[in-house]
Structure formats: structure tokens, C-alpha cells
Amino acid sequence: MSVTLEVSNLSKTYGEGDRAVAAVRGVRFATEPGEFVAIVGPSGSGKTTMLAMIGGLLTPTSGSIRVNGQEIVGLRGKALAEYRRRKVGFVFQANNLLPFLTARENLLVMARINGSDMRAARARADQLLEELGLTHRRDALATELSGGERQRVAIGRALMNDPELVLVDEPTASLDSARGRQVVQSLIAEVKGRDKLGIMVTHDMAMAELADRILEMHDGQLTERLAGVAG
Ligand code: ADP
Ligand code: MG
């Protein structure tokens, strides 16, 4: 697996007329296989909107998103559902687990949706739970988990089907800094070890600095944060 992403002239405007909000404006960037990219920027700058477009959850107003050369913009119906299900692992800010299932079952449900071999899926789930420091919480119901534990289960769930693109929105919001660093490091290991692509939106510069590259979003526009510039 060796995934590339090329985003060009990507824009999203919500609403129309004098209510229109240009959330993402002409974004362009490309990635290398195995790259882990952090996106930082103030609240409301368009980070979630951009991530949702890349993940096929939101239709762009204009522009192009190519994954391994395949154009994603304009995919509909079954093709779009396939893209989301097979290629993308998404960790949302509001990580909604299924409350009536355990931590482990929340991972396994992804494999069921995908029609995977359940024996292999159980091994994969247990391995991810271990990497995320959740083995001892494996059989706890989602409702019994702390905020940080739920966040980690959500990350495990996103990785369960071995997605090529791992898209993460504010993963460390409900994690303390030591735990946050550990979780981001296991995400990076997963991305690097299998030549995936990771994109992580974060407020936390200490976390962003663990990435290969930091991009900054401002007013819907994306700029490269220059290496070696302090602050
Ligand atoms: P960030 O993730 O950087 O905080 P968002 O992508 O959530 O930024 O939002 C970017 C801009 O788009 C903000 O001005 C926000 O209010 C607006 N916005 C986001 N979602 C919607 C929506 N569904 N309808 C209208 N405006 C929206
Ligand atoms: Mg956001």
C-alpha cells in the first residue's frame, strides 16, 4: 500500500447570497506515501471542512481531490460509499461510539460492516487495543469509559479496516498530554509502517511537532509552516 493525495483549488462555500461563508478557499497541497501531516489553525479557519471533503463526507463547491490518482470529487452513491468505507479511517472531534457495545465490540463492528474475516478481525482489534493502552478496558461498555478512553477506542475503530487515509480531527482534545503523545505516536507508527497517509488537525503544537510537516490554515487558506521558524 502506498498512498498519494493531491488536493488542488479546493473550495467550500456554505450557504448562499449574503449568508455565504467561504470556509475553504483554493487549497492546494500534495503528500508523499507514509507521510503524517499536521494541520493547525484557529477555530473556524476551515480545518474540519477540509478534512470532511478529503474523507468524502462533504461535497466541495469546486476543486479536485485525487487519491492514488483517482478523482474523488464527483463520486456518488455506491462509489462514494466504497471510497469512505475502504480507503478512509476518520476520527471525529465528537467520537460517537455505540454505547451498548464494549470497547472491543466497537472495533469489531467495523469489520462486520466490511464483511471481513472475523477471526483475523478479533486479532486485529486486540492488537489495536493493546497499542492504544486499552487491553484492560476491552470488555467495558462505551458508556463506562472515560473521555480519553473513548477517544482512543474511536482511533482504534478508524484503524480497524486498515484504511489508506487516516484522517483525525483534534485527537488529543480529551487526552492528557502524556497519553495524547502516546496516541499520536501510535498513529504515526501505523501510518509509517504501512505507507498510509495521516492527516491530523490539532490545536496542540506539541502534538503537531510530532508530524513530518505542519500546514497552517487561516481564513480557509492553507500555507506551509516553514521549518525552523520558532513560535
Ligand atoms: P475549524 O474546524 O477550523 O474550526 P470549520 O471547518 O468547522 O473550521 O468551519 C469553517 C467555517 O465554516 C466557520 O466559519 C464555520 O462557522 C463555517 N461552517 C462550518 N460548518 C458549517 C455549516 N454546516 N453551515 C454553515 N457554516 C458552517
Ligand atoms: Mg474543527
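This is a dialogue about reading a predicted model, taking the sheet, the helices, the ligand shell and one loop residue in turn.

Colleague: Where should I begin with the sheet, and what order do its strands have?

Modeller: In general, the strands of a sheet pair through backbone hydrogen bonds, either parallel or antiparallel. In this predicted model, an open sheet of 4 strands runs in the order 2-1-4-5, with antiparallel pairing. Its edges are strand 2 and strand 5 (70–71), each of which pairs on one side only.

Colleague: How many bridges join strand 1 and strand 2, and which residues stand opposite V21 and V24?

Modeller: Strand 1, residues 5–14, pairs with strand 2 in the antiparallel sense over 6 bridges. Across this pairing Y14 stands opposite V21, while K12 stands opposite V24. The two strands form a hairpin with 6 residues between them, and in the turn G15 has a positive phi of about 70°.

Colleague: Which residues surround ligand 1?

Modeller: The shell consists of Y14, V21, A23, P42, S43, G44, S45, G46, K47, T48 and T49, so that the opposed pair Y14 and V21 of the hairpin reappears here among the residues around the ligand. By character, the shell divides into 4 nonpolar, 6 polar and 1 charged residue.

Colleague: Which of these residues have polar atoms close to oxygen atoms of ligand 1, and at what distances?

Modeller: A backbone N or O atom of S45 lies 3.2 Å from an oxygen atom of ligand 1. Two side chains also supply an N or O atom, that of K47 at 2.8 Å from a ligand oxygen and that of T48 at 2.9 Å from a ligand oxygen. On its own, ligand 1 has 560 Å² of accessible area, of which the protein covers 57%. The elements that contribute two or more residues to the shell are strand 2 (21–30) and helix 1 (47–54), and helix 1 gives the most, with 3 residues.

Colleague: Is helix 1 mostly covered or mostly open, and which of its residues are buried?

Modeller: Helix 1 is mostly covered, with 7 of its 8 residues buried. The buried residues are K47, T49, M50, L51, A52, M53 and I54, and two of these, K47 and T49, are also in the shell around ligand 1. Just after the helix, G56 takes a positive phi of about 75°.

Colleague: Which residues of helix 3 are buried, and what do they pack against?

Modeller: In helix 3, residues 103–114, the buried residues are A103, R104, N106, L107, L108, A111 and N114. They pack against helix 2 (77–87), helix 4 (118–131) and helix 5. The residue that follows helix 3 is G115, whose phi is positive, near 70°.

Colleague: Where is N161 found, why does it count as buried, and what does it touch?

Modeller: N161 is found in the loop between helix 5 (147–159) and strand 7 (165–169). N161 counts as buried because its relative accessibility is 19%, and the cut-off for that class is under 20%. Leaving aside residues up to four places away in sequence, N161 touches M110, A111, N114 and S116; A111 and N114 are themselves among the buried residues of helix 3. The side chain of N161 also reaches the backbone oxygen of M110 at 3.2 Å.

Technical notes: Residues numbered from 1 in each chain as written. Chains lettered and ligands numbered in written order. Predicted model: local features only at pLDDT ≥ 70, side-chain atom pairs only at ≥ 80, totals over all residues. Heavy atoms only, no water. Near = heavy atom within 4 Å. Polar contact = N/O pair within 3.5 Å; in protein donor to acceptor, adjacent residues only side chain to side chain. Areas by Shrake-Rupley, 256 points an atom, 1.4 Å probe, with all protein chains shown as cover. Nonpolar A, V, L, I, M, F, W, Y, C, P; charged D, E, K, R; others polar. Buried < 20%, exposed > 50% of the residue type's maximum accessible area, 1.4 Å probe, protein only. Contact = heavy atoms within 4.5 Å. Pairing = 2+ DSSP bridges.
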